[in-house]
Amino acid sequence: MQAFTTLDGLVAPLDRPNVDTDAIIPKQFLKSIKRSGFGPNLFDEWRYLDKGEPDKANEGRPLNPEFILNQPRYQGTNILLARDNFGCGSSREHAPWAIVDYGIRAIIAPSFADIFYGNSAKNGLLLVILPANVVDRLFTECKAERGYRLTIDLAQQEVRTPSGEIFAFDYNAGLKHRMLNGLDDVGITLQRADAIRAYEARRRTQAPWLFAEG
């Protein structure tokens, strides 16, 4: 997975509380277990005016002009502002896959659903929790200023605004290590590759019948 260190990104305000994972990536698109290819169907029911299907091409589908990510000023967004309880609902890992595949690397909100929070960190999506009054201010600034950008520094655990204000955020140390080093569950395991190989070699000596061919 791609490491997350510092991100200077264009911000879009998704001004809805309790965004659930079925809204993030609807159930009909969950047939694949690959991490890629979900971005075109992110927020599918809000983003398009017709019903999306897994075997239906997205090119030429009618876009909902009212949806925030369809508006010209927010093209290229890689930081999303959200409201309370983002990522609630089912525990589908496809939700962070779709967000990252679209190009969003971080979401700032007052709170997130617990399982979504853990799934996101394991897939390179940084979730930043800031107080509701701070998030309100960021929403106001983002809506007022075209091209509004924020800088998120994970190492320092800071969000920096264009005016120079700095907002600190807490982040779990174990998840921070994963994110800074680009380590998903497989990557964490491979850090112990030498120990795993040594164990396998010992087992071949101690119990050779387990490895007999034929």
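In which segment does Trp209 lie? In this predicted model, Trp209 is placed in the segment after helix 8, which spans residues 193–206. Trp209 is exposed, with a relative accessible area of 63%, and together with Leu210 and Phe211 it forms a nonpolar surface patch whose accessible area comes to about 360 Å².

The protein as a whole comprises 8 helices and 7 strands, and its C-alpha trace spans about 70 × 45 × 25 Å along the principal axes. Of its 214 residues, 47% count as buried, while the exposed area amounts to about 11100 Å², of which carbon and sulfur atoms supply 51%. Among contacts between residues at least 6 apart in sequence, 65% join residues at least 24 apart. The charged side chains number 26 positive and 27 negative, and the centres of these two sets lie 4 Å apart.

Helix 4, formed by residues 114–121, has as its buried residues Phe116, Tyr117, Asn119, Ser120 and Ala121. The cover over these buried residues includes three other helices' segments and two strands, namely helix 1 (21–24), helix 3 (94–102) and helix 6 (173–181), together with strand 3 (106–109) and strand 4 (126–129).

The count of salt bridges comes to 11. In one of them, the side chains of Asp15 and Lys143 meet with an N to O distance of 2.6 Å; this pair links distant parts of the chain, since Asp15 belongs to the loop between strand 1 (6–13) and helix 1, whereas Lys143 belongs to helix 5 (residues 132–144), 128 residues apart. Asp15 counts as partly exposed at 38% relative accessibility, as does Lys143 at 42%.

Helix 5 also contributes Arg137, whose side chain meets that of Glu165 in a salt bridge of 2.4 Å, N to O. Here too distant parts of the chain are linked, with Glu165 in the loop between strand 6 (158–160) and strand 7 (166–168), and the two residues 28 apart. Both partners count as partly exposed, Glu165 at 28% relative accessibility and Arg137 at 37%.

A further salt bridge, with an N to O distance of 3.7 Å, joins the side chains of Asp153 and Arg160. Asp153 is buried, because its relative accessible area of 10% falls under the 20% limit for burial, whereas Arg160, at 25% relative accessibility, counts as partly exposed. Beyond these pairs, salt bridges that share partners join Asp15, Arg83, Asp136 and Lys143 into one network.

Methods: Residues numbered from 1 in each chain as written. Predicted model: local features only at pLDDT ≥ 70, side-chain atom pairs only at ≥ 80, totals over all residues. Heavy atoms only, no water. Patch = residues over 30% accessible without salt bridge, like charges linked within 9 Å, V, L, I, M, F, W, Y side chains within 5 Å. Areas by Shrake-Rupley, 256 points an atom, 1.4 Å probe, with all protein chains shown as cover. Salt bridge = Lys/Arg side-chain N within 4 Å of Asp/Glu carboxyl O. Helix = DSSP H or I, 4+ residues; strand = E, 2+ residues; numbered from the N terminus. Buried < 20%, exposed > 50% of the residue type's maximum accessible area, 1.4 Å probe, protein only. Contact = heavy atoms within 4.5 Å. Lys, Arg positive; Asp, Glu negative; His and termini not counted. Charge placed at Lys NZ, Arg CZ, Asp CG, Glu CD.
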